[in-house]
Amino acid sequence: EELEFVDLWHVWDVTHTSECWQKTGKPPLGGRWVDTNKGNDKEPDVRCRWVAKDIAKYKTDELFAAMPPIEALRFLLSWTATGRSQGKGGRKVLVIDAKKAHLHAFAEREVWVNLPPEVAIPGMCAKLRRCLYGTRDASQKWEAFLASELRRHGFTQGKASPCVFTHSSRGLRCVVHGDDFVFSGTDENLDWITQRMHESFLVKVVGRLGGDAGDLQEIRVLNRVIRWLPGGISYEADPRHVEMLVKDFPPTSGTVRTAGAKNNDMTDETILEGSEVRRFRGGAARANYLAQDRADICYATKELCRRMHAPRQQDMRSLERLVKYLSAEPRLVLEYKWQETANLQVYSDTDFAGCQVTRKSTSGGGALFGQHLIKHWSSTQKVVTLSSGEAELYGVVKGATEALGLQSLAQDLGLGYVEIHLHADSSAAIGICNRSGIGKVRHLATGLLWIQDKIRNKDIRLYKVLGTENPADLLTKHLPREAVDKHIATFQTYRQGGRAESAPQLQGA
């Protein structure tokens, strides 16, 4: 099938290998078949691609291709659930997949690749006319091609994220993840863009998520499961990551109620060796990917990733505890309830000198568009702070930085100017932010004081929140189950058992 398509689209010209040697002084690039099962064992969906081995031996910005952050998708879903979307005639979500994406773009540099063995001819090779998978500039050329086509249809490309597009006259919003297009708009305008997409690309319409007859009630985007509910839209992570962690780190008997616990036993410094090191790093990396969709494990995962360079036995036990927690709580669902209006509500917090080894502090926070969680974070501060006030200030600045990035993303999505309401529980940090200059605090880096201008100009509105009511506390330290439950409820998330109907199946399970 792939070879027939290559011939139909005239992806390459068959030329003499000597031409490649003459032009480049090198043989043609190698190639190999890459077979991927996009389905599962029971319902396979195998795709074969002839991929060039265009290996990058050096880094260069010339081949950069943008990819939107996951919060762009969440923002799109939040916008869909904001305003009049809950009534008939409101906004819905359309998912379209571009097939053979990279082959749409034409090659702008001369590249020769070995022919597949099925059609190989001695002394001959393939000179590319279109961008082949595996060539270093294929992603960049595809991005430029899709952007030009969407602009041709009246879309405006985002500045902060060039993978975000808006059509002001038709009220359409679009986020592009590689070859996955996610649109939000009314039925009439989604019908219109479907026709335009068929004109510009070879596409597969995955489906339309909505509340009317004929609409899908559940759909997958980037293997995340998105559902249309009577009260809004829900979003959850790909469940296979939890299943793979449980498979690789089978939980022992017993249960745990939280993803981690404060470890006061610093005596076991036994370093992992050999395959155990690789096993730990693989598990921590997978948990870290999962954590971007699960605030309840974000801090615990961040602590695991700090030990990747030299993991110890106690770090492996911490990873096993996390997996045991995930086996009991496999799903955390984000709920985007119908809402009329929204501003950015950002919560920030800091755990001063929480690391017993380095005495560094942790900054954590969450950003909501109205009631909808758009982004959360947990990060170790780069410096050893000299006071809790200094550490809390760094946490507030981190929250403000994330808020400004989300504000730019909201403008790219055509949401206009979105106010930033920043919440913190530290009186010392709030006091520093509300004054001019460093005051009596002599050890602050003056580069952080830009936040004073933002607050003075009311670009950011800073509010005090009680420490017990600050959901960002969840992202800075290990908390008891009751506190975790309280904070994830503030973030409009909830635990759920079972498995989503449309969730991809784990192969070999």
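A search of the whole structure, which is a predicted model, yields three cavities of 30 Å³ or more. The largest cavity has a volume of about 90 Å³. Its lining is made up of Thr-258, Ala-259, Gly-260, Asp-296, Tyr-299, Ala-300, Leu-474, Lys-477, His-478, Leu-479 and Val-484.

Two of these names, Tyr-299 and His-478, lead on to an open space. Both residues line the largest cavity, and both are listed, together with Asn-263, Glu-303 and Arg-306, among the residues that lie nearest the centre of the second largest pocket. That pocket encloses about 710 Å³ of space and has a lining of 29 residues. Helices α8 (298–305) and α9 (313–328) are the elements that contribute two or more residues to this lining.

From the pocket, the description turns to a sheet. Five strands form an open sheet in the order β12-β13-β14-β15-β21, and their pairing is antiparallel. Strands β12 (218–221) and β21 (493–496) stand at the edges; each has a single partner strand, so one side of each is left without a neighbour in the sheet. On average, and with direction ignored, neighbouring strands of this sheet are turned by 30° against each other.

The pairing at one of these edges can be followed residue by residue. The edge strand β21 pairs with β15 (residues 331–337) in the antiparallel sense, over four bridges. Within this pairing, Leu-334 has Thr-493 of β21 as its bridge partner. In general, the strands of a sheet pair through backbone hydrogen bonds, in either a parallel or an antiparallel manner.

A helix also packs on this sheet. Helix α3 (residues 70–80) touches β12, β13 (224–229), β14 (232–236) and β15. The direction of α3 makes about 160° with that of β14.

A final point of detail concerns Glu-149, a residue of helix α4 (residues 138–152). Is this residue buried or exposed? The relative accessibility of Glu-149 is 12%; because the limit for a buried residue is under 20%, Glu-149 counts as buried. The side chain of Glu-149 is joined to that of Arg-152 by a polar contact of 2.7 Å. When residues up to four places away in sequence are not counted, Glu-149 touches Ser-200 and Phe-201. The surroundings of Glu-149 thus include a polar contact with Arg-152 as well as contacts with Ser-200 and Phe-201.

Notes. Residues numbered from 1 in each chain as written. Predicted model: local features only at pLDDT ≥ 70, side-chain atom pairs only at ≥ 80, totals over all residues. Heavy atoms only, no water. Buried < 20%, exposed > 50% of the residue type's maximum accessible area, 1.4 Å probe, protein only. Polar contact = N/O pair within 3.5 Å; in protein donor to acceptor, adjacent residues only side chain to side chain. Contact = heavy atoms within 4.5 Å. Pairing = 2+ DSSP bridges. Axes fitted to C-alpha atoms, helices over the stretch in contact; angles between N-to-C directions. 1 Å grid on protein atoms, 1.4 Å probe; cavity = no way out; pocket = protein on both sides within 12 Å on 5 of 7 lines; lining within 4 Å. Points joined across faces, edges and corners; volume = space filled by probe spheres on them.
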